[in-house]
Amino acid sequence: MKYLYISRNQSISFNEDYWYINGIEQKRPIEETRTTEELAKNCTKQYMKNVLTNLFSHFKHIAILTAAGTSMDNGEHRGKTRDGLWRECRDDIKAIIRELHKKQACSNKMKAIVREKNIEDFLSYLILFEKISDVIKDSTGNSLKESIEKK
C-alpha cells in the first residue's frame, strides 16, 4: 500500500486494486477508467484544496516559501531525481544492506523500500536504525549514511 497523504486524522492511500480514505476501501464507479493511483491522487488533491481554502480564508496576506526538490530544475544547477540519487548511491546502499543483513535488521519494510528505490525512506529508516543501534561504516570507518547524504 502506498500513502499519498497522512495526518493525525486523515489518510489517503492506494494499492493495485483499491484506494482508501482512512483505511476504508472506496467504491469505484462502474464507468471509471482511471487507475486506483489516479483516483487516490485526485482525492488527495481535492482534500488538500479544501484544507488550504479553509486555512487561507482567514488571512488577508500570505506568503508561501518553498525550496526546489530533488527532482526540480534549480536554474543552472539541475537537481537529481530520486532514481538518479539511488543510482549514484547504489554501492553505498548495497554495503548498508549487507551490514543490515549481518545484524539481522533487514526488515520487510526495508526490503520494500529497496524494491521501490525510495532514497528518502531508505535514509529515514537508516537514521532510525542508527539511533537505536550502531552507525554503519565502510571498511575505512566512515559513515555510509553520511556518504549518501553528501551526494
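The legends below describe close-up views of a predicted model.

**View 1. The open sheet of four strands and its edges.** In this predicted model, four strands form an open sheet in the order S1-S2-S3-S4, and their pairing is antiparallel. Strand S1, covering residues 2-6, and strand S4, covering residues 24-25, are the edge strands, each of them pairing on one side only.

**View 2. The pairing of strands S2 and S3.** Strand S2, made up of residues 11-14, is paired with strand S3, made up of residues 19-21, in the antiparallel sense, and three bridges join the two. Within this part of the sheet, the residue that stands opposite Phe14 is Trp19, which belongs to S3.

**View 3. Helix H1 across the sheet, with Thr44.** Helix H1, which comprises residues 36-56, lies across S1, S2 and S3, and its direction makes an angle of about 165° with S2. Thr44 is a residue of this helix, and with a relative accessible area of 12%, a value under the 20% limit, Thr44 is therefore classed as buried. When neighbours within four places in sequence are left aside, the contacts of Thr44 are with Leu4, Tyr5 and Ile12.

**View 4. The packing of helices H3 and H5.** Helix H3 (residues 90-102) packs with helix H5 (residues 119-132) at an angle of about 40°, and the two axes are 13 Å apart. Because this angle falls neither under 35 degrees nor within the 65 to 115 range, H3 and H5 are described as oblique to each other, and their crossing is left-handed. On the H3 side the contact involves Ile93, Ile96, Ile97 and Leu100, which meet Ile119, Phe122, Tyr125, Leu126 and Phe129 of H5. Sorted by class, the residues of this contact comprise nine nonpolar, no polar and no charged.

**View 5. Gln104 in the loop between H3 and H4.** Gln104 is located in the loop that links H3 to helix H4 (108-116), and although Gln104 is not a glycine, its phi is positive, at about 55°. The relative accessible area of Gln104 is 76%, and since exposed means over 50%, this residue counts as exposed.

**View 6. Lys117 in the loop between H4 and H5.** Lys117, located in the loop between H4 and H5, is a residue other than glycine that has a positive phi, near 55°. Its relative accessible area of 42% lies between the limits of 20% and 50%, so Lys117 is assigned as partly exposed.

Methods. Residues numbered from 1 in each chain as written. Predicted model: local features only at pLDDT ≥ 70, side-chain atom pairs only at ≥ 80, totals over all residues. Heavy atoms only, no water. Pairing = 2+ DSSP bridges. Contact = heavy atoms within 4.5 Å. Axes fitted to C-alpha atoms, helices over the stretch in contact; angles between N-to-C directions. Parallel < 35°, antiparallel > 145°, perpendicular 65-115°, else oblique. Left-handed = near helix turned anticlockwise from the far one by under 90°. Nonpolar A, V, L, I, M, F, W, Y, C, P; charged D, E, K, R; others polar. Buried < 20%, exposed > 50% of the residue type's maximum accessible area, 1.4 Å probe, protein only.
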